[in-house]
Amino acid sequence: AARIIQNMDPTADPCKDFYQYACGGWLNRHVIPETSSRYSIFDILRDELEIILKGVLETPDQGDREAFQKAKILYKSCMNENLIEQRDSLPLLEALAMVGDWPVASADWNKTKEPNWSMEEKLSIMNSRFNKRVLIDMFVWNDDQDSSRHIIYIDQPSLGMPSRDYYFNGGNYQRVREAYLQFMITIAKMIREDKNMSRDDSFVQEEMAKVMELETEIAN
């Protein structure tokens, strides 16, 4: 309650400017940080919570339950920047190997990988191991017709870009679309270089253009 009162401006006449009356204190006491596009009470609570969580995750293990142990391990792994830099792209290359490699960054993929490649198997691996839904989204949630039970839902997944507008509209959408394609091309080139493959810019651009075309068809 005290925080709400602080964020008000009781000197303003609510009949003339209710927004200033209700939020004037907040506007006078807060400035949007340069790193943010917005700043609200929820942003402050999130920042305060992150400080608390940081302290909790950095405390020594004291017979913690398994869930806490996993959270601390994950936190430590993210903070170990020296090891992250040392491993470089290796985790990504290992993840690609699990899903049958990437044709644009693989020599003779059609001959060496495709014969034993199963889309159903790889989609399940992407879902279970990496929490990534491709082509099909499948999850367990409350049954809309009977809230006392859970059922399996099958749905369309999210797209590579935020919405289908990005695949068809002009203006800023088109600029984002072009940057998205260039991003894919850059990543493919980097992976080819890390795998000591020869430079083939035209092949990479053609393959990524096909990916973009496929995403566009899915969006449609």
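Which residue lies over the face of F68? Keep that one in mind as you go; the reply comes in point 5. Here are my notes for a read-through.

1. Before anything else, remember that you are looking at a predicted model. Residue numbers start from 1 and follow the chain as its sequence is written.

2. Let's begin with the two strands, β1 and β2. They pair in the antiparallel sense, and the pairing runs over seven bridges. The link from β1 to β2 is a hairpin of two residues. Two of the facing positions are handy for finding your way around: N142 stands opposite H150 in β2, and D137 has D155 as its bridge partner in β2. How many of the 10 residues of β2 are buried? The number is one, so β2 lies largely in the open.

3. The strands also carry an aromatic pair, F139 with Y153. Their ring centres are 5.4 Å apart and their planes sit at 5 degrees, so this pair counts as stacked. F139 belongs to strand β1 and Y153 to strand β2, so the pair ties together parts that are 14 residues apart in sequence. F139 itself is partly exposed, because its relative accessibility is 28%, and the partly exposed class covers values between 20% and 50%.

4. The structure holds five aromatic pairs. Another one worth a look is W109 with W117, which is edge-to-face: the centres are 6.1 Å apart and there are 70 degrees between the planes. If you wonder what those two numbers are for, a pair of aromatic rings is described by the distance of the centres and the angle of the planes. The two partners differ in cover: W109 counts as buried at 11% relative accessibility, whereas W117 counts as partly exposed at 33%.

5. Back to the opening question. The residue is R65, which lies over the face of F68, at 5.2 Å from the ring centre. Find the ring of F68 and then look for R65 over its face.

6. Next, the surface. A nonpolar patch there is formed by W117, M119, V134, L135, I136, M138, V140, I152, I154, L214 and I218, and together these have about 1,000 Å² of accessible area. Which elements give two or more residues to the nonpolar patch? They are β1 (137-143), β2 (146-155) and α11 (201-219). You've already met W117 in its aromatic pair with W109, and here W117 turns up again in the patch. I218 is a patch member too, and its place is in helix α11. With a relative accessible area of 46%, I218 is partly exposed.

7. Now for the charges. The count comes to 16 salt bridges, and I'd pick out three. To start, R46 and D43 meet through their side chains, at 3.5 Å from N to O. Both are in helix α3 (residues 41-57), and because they are three residues apart, about one helical turn separates them. R46 is partly exposed at 42% relative accessible area, while D43 is buried at 8%.

8. Another salt bridge joins K113 and D101, with the closest N and O atoms 4.0 Å apart. This pair links distant parts of the chain: K113 is in the loop between α7 (109-112) and α8 (119-130), D101 is in the loop between α6 (90-98) and α7, and they are 12 residues apart. Is D101 buried or exposed? D101 counts as buried, at 17% relative accessibility, and K113 counts as partly exposed, at 34%.

9. The third is R133 with D137, where the closest N and O atoms are 3.2 Å apart. R133 is partly exposed, with a relative accessible area of 26%; D137 counts as buried, at 16%. Some salt bridges share partners, and in this way R38, D43, R46 and D47 are joined into one network. D137 should ring a bell, as its bridge partner in β2 is D155.

10. One last stop: P115. You'll find P115 in the loop between α7 and α8. P115 is exposed, with a relative accessible area of 59%, because the cut-off for exposed is over 50%. To get a feel for distances, look from P115 to F183: they are 68 residues apart along the chain, and 29 Å separates their C-alpha atoms.

How values were computed: This is a predicted model: local features need pLDDT of at least 70, side-chain atom pairs count only at pLDDT 80 or more; totals for chains, interfaces and linings use all residues. Side-chain values use heavy atoms; hydrogens and water are left out. Patches are made of residues with over 30% relative accessible area and no salt bridge: like charges are joined within 9 Å, nonpolar side chains (Val, Leu, Ile, Met, Phe, Trp, Tyr) within 5 Å. Accessible areas come from the Shrake-Rupley method with a 1.4 Å probe; for residues, only the protein chains shown count as cover. Helices (H or I, at least four residues) and strands (E, at least two) are DSSP runs, numbered from the N terminus. Buried means under 20% relative accessible area, exposed over 50%, partly exposed in between (1.4 Å probe, protein chains only). Rings of Phe, Tyr and Trp (its six-membered ring) pair if their centres lie within 6.5 Å; planes under 30 degrees apart count as stacked, over 60 as edge-to-face and the rest as tilted. A charge sits over a ring if NZ of Lys or CZ of Arg is within 6 Å of the ring centre and within 35 degrees of the ring normal. Two strands pair if DSSP finds at least two bridges between them.
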